[in-house]
Amino acid sequence: MDNKTIHEGKVTIKVPEFEKITAKAPVFYNPAMELNRDLSVVAISVFKESVDHDISVCDVFGGTGIRGIRYAKEIDGVEKAVINDLNPLAVELAKENTKLNELHQVSVCMEDANMILRKCKGKFVVIDIDPFGTPSYYVESAAASLRSGGMICITATDTSALCGTYTEPCIRKYGAVPLKTEYCHENGLRILAGFIARTFAKYKKYIEVKFSHSTEHYMRIYAVIGKGAANTDESLKSLGYIAHCKNCLNRIVFKGLSPVIPGKCPICGGIFNVGGPLWCGEMYNQDFVSSMRDTVNELVLNKENNVIKLLDTCFEESNAPVTHFEIHKVCKNLKTSAPPLIDIMNLLKKEGFFVSRTHFSPTSLKTDANITELKNIIVNLKQAQPTDQI
């Protein structure tokens, strides 16, 4: 197996050369996940500043070791980083890369992901679960292991299930029904957050989502863990369902695990499709995202411009309602062409509605206006356009 040298952040590592990255590769480095790793360094750096002690980190699926090595080298106050992988080739490469970067606080081990989390209960302040596919098989062990005040970082790459292309796998893995809508990636991210919250709740632990995003082929959540039965019960009130009408594009959020949901849309009488349970609470903490934005300037990130662009958009939408509207979809429903997105946003603001862009889609917006109010805004804009622009 031939290796090549990669420079990412402040680290230099050796990685195997493969023409194509697949789950069957003995060990792989995925360059498409560099943005993921950059954001992780930023998020954990901000988290570290919020606690009054050094932290220990476990990269449960270490691969080449790139993620754990970057944590140890680029985040001040990481006293110990454990890189784990079940593949002996990955373990050997991670050990070599650890030596290459002269990191004495990093150890490499070869364990089943669930086993290392169970065996090291309470020893890690940050647990990072970044598997090839679903993380659902490992969240239970993380919930049992991670202590109050710690942070969980979770990646899911099985977006076809979470976004509703395949309904049964989502039900099987996450205990939730997905919705295949124009905002399916937000639904999927919220299903993942809801699954994490329900799993941690078994241990009288609750999550506070600090940052999350859906990018390309994966979804990622960063949450801080709290403890206590009363607080956990209160946090579960953020679970709920989304009822979506494909006929008029109306959508309504129903909070609670057993709410009364009407079968038909109150606007057009169309049949409601219902997705959930999912997380209807905060998906970004505005102060945390702002601190991430400030921290970017202190780090060495190859994807700095992409990181800044994403954080700026997430900051803007951090106080937005659940779901978003894809404007071309709405205009197709109205049987009209789409006016400029900025014009719609400006008129919504003028009418007193909240409005923001969303990182989920460049042609979508978030607003507290309902579908009828949004359609009226678009119709008014079209009517106000000069004839030669229509």
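# A selection tour of the predicted model

Start with helix H2: 8 of its 9 residues are buried, so the helix is largely enclosed by the rest of the structure. Buried stands for under 20% relative accessible area, exposed for over 50%, and partly exposed for the range in between (1.4 Å probe, protein chains only). Helices (H or I, at least four residues) and strands (E, at least two) are DSSP runs numbered from the N terminus. This is a predicted model, in which local features need pLDDT of at least 70 and side-chain atom pairs count only at pLDDT 80 or more, while totals for chains, interfaces and linings use all residues. Residues are numbered from 1 along each chain as its sequence is written, and side-chain values use heavy atoms, with hydrogens and water left out.

**Salt bridges from H2**

Select the buried residues of H2: Ile66, Arg67, Gly68, Ile69, Arg70, Tyr71, Ala72 and Glu74. Keep Arg70 and add Glu8; their side chains form a salt bridge (2.9 Å, N to O). Glu8 lies in strand S1 (residues 3-8) and Arg70 in helix H2 (residues 66-74), so the pair ties together parts that are 62 residues apart in sequence. Both Glu8 and Arg70 are buried. A salt bridge here is a side-chain nitrogen of Lys or Arg within 4 Å of a carboxyl oxygen of Asp or Glu, and the count by this rule is 17.

**Helix H8**

Next, select Glu186 and Arg190, a salt bridge whose closest N and O atoms are 3.0 Å apart. The two are 4 residues apart in helix H8, separated by about one helical turn. Glu186 and Arg190 are both buried. For a wider selection, show Glu8, Arg37, Asp38, Arg70 and Glu74, which salt bridges with shared partners join into one network.

**The sheet S11-S10-S12**

Move to Arg251 and Glu182, whose side chains meet in a salt bridge (3.1 Å, N to O). Arg251 is in strand S11 (residues 251-255) and Glu182 in the loop between helix H7 (167-174) and helix H8 (184-201), 69 residues apart. Arg251 is buried, at 10% relative accessibility.

Now show the whole open sheet: 3 strands in the order S11-S10-S12, with antiparallel pairing. S11 and strand S12 (272-279) are the edges, each with a single partner strand, so one side of each has no neighbour in the sheet. Two strands pair if DSSP finds at least two bridges between them; strand S10 (residues 239-245) and S11 have 5 bridges in the antiparallel sense. Along this pairing, Tyr241 stands opposite Phe254 in S11.

In S12, select Gly276 and Pro277, which are joined by a cis peptide bond with omega about 0°.

**Two positive phi values**

Glu216 is in the loop between strand S8 (205-215) and strand S9 (218-227). Its phi is near 50°, positive in a residue other than glycine. Glu216 is exposed, with a relative accessible area of 60%. Thr323, in the loop between helix H11 (304-316) and strand S13 (325-326), also is not a glycine and has a positive phi of about 75°. Thr323 is buried, at 5% relative accessible area.

**Last stop: His359**

Select His359, in the loop between strand S14 (355-358) and strand S15 (361-367). His359 is buried, with a relative accessible area of 14%. Beyond neighbours within four places in sequence, its contacts (heavy atoms within 4.5 Å) include Ser212, His213, Leu310 and Glu317.
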